[in-house]
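Got your viewer open? Let's take a short tour, one selection at a time.

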Amino acid sequence: MNLFIRGVETLSRACGVFAALCLAAASFVVCHMVLVRYAFGIATIWQTEFVTFAVVAATLIGSPYVLLTRGHVTVDLLPHYLSEKPRHRLALLASICAWLACAVLAWTGWSFFYEAWTEGWATESVWGPPLWIPLLALPVGLGVLTLQYTVDIFKLVTGRPLEHRPTNPSNGSKI
Amino acid sequence: MSPLVIGLFIAITTVVVLASGIPVAFGLVAVALGFLAIFDGIESLTISGELFFSGLADFTLVSIPMFIAMGAAVAASPAGGDLYGALDRWLHRVPGGLAISNLGACAIFAALSGSSPATCAAIGKMGIPEMRKRGYPAELATGSIAAGGTLGILIPPSVTMIVYGISTGTSIGRLFIAGILPGIMLTALFSAWSMFHAWKDGFQAGQERQEFNLRQKLEQAARVLPFLLIVAGILFVLYGGVATPSEAAGVGAMLCVLMVAVIYRMWSPRKLWRILSSSTRESVMIMMIIGAAALFSYMLSNLFITQSVAASIAALEINRWLLLAMINLFLLVAGFFLPPVAVILMAAPILMPIVLQAGFDPYWFAVVLTINMEIGLITPPVGLNLYVIDGIAPDVGLPKILRGALPYVLLMVLGIVLLCFFPQIATWLPDLVFG
């Protein structure tokens, strides 16, 4: 089981790095697009779509890493008023609920991806890349997210501590 | 079961599920999937993956991670400290001058970042210890920064305005402009109160302070000037319709990272990586809520909740100002519990037809809505800014921070009242620019 936990957490971290690289790529491509379009007056073909899909991929694939580092914003209203034991039970219940939600999304995301893959769908733009490439982020990101939730639930059941988010105030910038 | 009754069930379930401490994004997905499965059959879930994806795949949304990266770059640098230091050298003779400098720095920083807690952290890190060192009461020091930080989502660029623009189909450039004057109004109200508070406590700032000559006054300002020029550039291209928000934000983010690297010598890969990873964490968190909200609002409209609520409120034919008061109260309560992005995404599609039918301006309403959300950021139980301040000055304690923030809450309510009597505060500038 320890191997499973370590494996999933490493996978989540790798996902985080990939998401960060996607965002970096997106910002470079946006700049490139602006330069090409406004400075040289050349029509852009692939940039808009690439940037949109890169941000979607960063979001979906980055989500297990953000879960691992406790970065998803929560409203801890009920846990605040509960004593230790019911709070633990509520945390478990909430995690199972979230696991279910993620698992359904991962599964339906997989079938959407699979359909695009087998039917050979492409996007409707001039560039028209195969749609399965951006859609791959659905099963991968949400699949790892479901795995990360499995680890969280396992840790809650066995009473192991969950990883805490880094407490740097300049990073605590939620909207 | 009538859609209104189902709607009530959904509202109660959502509140309970979200209050359990489940991440907001997954809580919204769970509620949406649950109600779809119950009322539309389990097979209706098959398109949920597709809906989540298409909720995210929108080029305008690209502006959100870009504006976040822009704010993260500036927040990681000492620019916040420079900003308020520069203002302090100009304002140190005024009673409560340092508090006003901090508020001004918050307002300007808000223009560099679309996020409120980020603004709070960037200015508060330097500002709060400095104010307390110079003898300002702890309530004033912490409360003013908590309140000043909320300006982040009102003064452009603002992530919540982008989300509002996308979910209501309004122009983001116009929304940004609509936030400028109300932002300045709130800054002025906050400053006036801080001055009064300092004066009432018999606190004379700057008595033992040295004088600054013009050169010293300009020196620190020069370092923050490039950032202000970037923001001015972004607003200019947006208003001119030259570029889309995503393009402006992408270039702005890149320029801000370059400026931070050059001016503050932060070019080690380690520091740049830290900026990238903190913006990734924050954008993923917000974008997941956006995807989840897409699913949630699909569920609402699929079960005819959105349409029925709007129709039955219209059928009530109540006075438009009473209606507005009720909407404000609803937003205020929702804002107490939920992050602004989630409130806007869930409420805007329902409220927009009602507000338009009552004859209110959608851009004016965006400003009123945003100020409501700002109040939620400095009130318990989920006032994010309060926790950021608590992290910066742990010895003050939340009750004192809260007491310090309370007058500013009242000032924001006053701001909303002023906007109701003088809607031109929000509509004049956009009308002037866009006609």
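**Where the two chains meet**

Start by colouring chain A and chain B separately: 65 residues of chain A are in contact with 68 residues of chain B. Keep in mind that this is a predicted model.

Now show the surface of both chains. The size of an interface is often given as the accessible area lost when the parts come together. Here, the area buried between chain A and chain B comes to about 5500 Å², and carbon and sulfur atoms give 80% of that.

Next stop: charges. How many salt bridges does the rule find across the interface of chain A and chain B? Just one. To see it, select A:Arg37 and B:Glu247, whose closest N and O atoms are 2.8 Å apart. Polar contacts also link the chains, with a count of nine residue pairs (both at pLDDT 80 or more).

Switch to a cartoon view and go along chain A. Helices H1 (2-39), H2 (47-68), H3 (77-81), H4 (84-119), H5 (132-135) and H6 (137-158) each give two or more residues to the side that touches chain B. Pick out H1(A), since that helix gives the most, with 15 residues. Colour that whole side of chain A by residue type and you get 45 nonpolar, 16 polar and four charged residues.

Last, hop over to chain B and select helix H13 (residues 269-302), where B:Thr280 lies. Is B:Thr280 buried or exposed? With a relative accessible area of 4%, B:Thr280 is buried. Show its neighbours from the other chain: B:Thr280 touches A:Ala19, A:Ala20 and A:Leu23.

Terms used:
Residues are numbered from 1 along each chain as its sequence is written. Chains are lettered from A and ligands numbered from 1 in the order in which they are written. This is a predicted model: local features need pLDDT of at least 70, side-chain atom pairs count only at pLDDT 80 or more; totals for chains, interfaces and linings use all residues. Side-chain values use heavy atoms; hydrogens and water are left out. Contact means heavy atoms within 4.5 Å. Buried area is the accessible area (1.4 Å probe) that two parts lose on being put together, summed over both. A salt bridge is a side-chain nitrogen of Lys or Arg within 4 Å of a carboxyl oxygen of Asp or Glu. A polar contact is a pair of N or O atoms within 3.5 Å; within protein, one must be able to donate a hydrogen and the other to accept it, and residues adjacent in sequence count only if both atoms are side-chain atoms. Helices (H or I, at least four residues) and strands (E, at least two) are DSSP runs, numbered from the N terminus. Ala, Val, Leu, Ile, Met, Phe, Trp, Tyr, Cys and Pro count as nonpolar, Asp, Glu, Lys and Arg as charged, and the others, Gly among them, as polar. Buried means under 20% relative accessible area, exposed over 50%, partly exposed in between (1.4 Å probe, protein chains only). Lists of a residue's contacts leave out its neighbours within four places in sequence.
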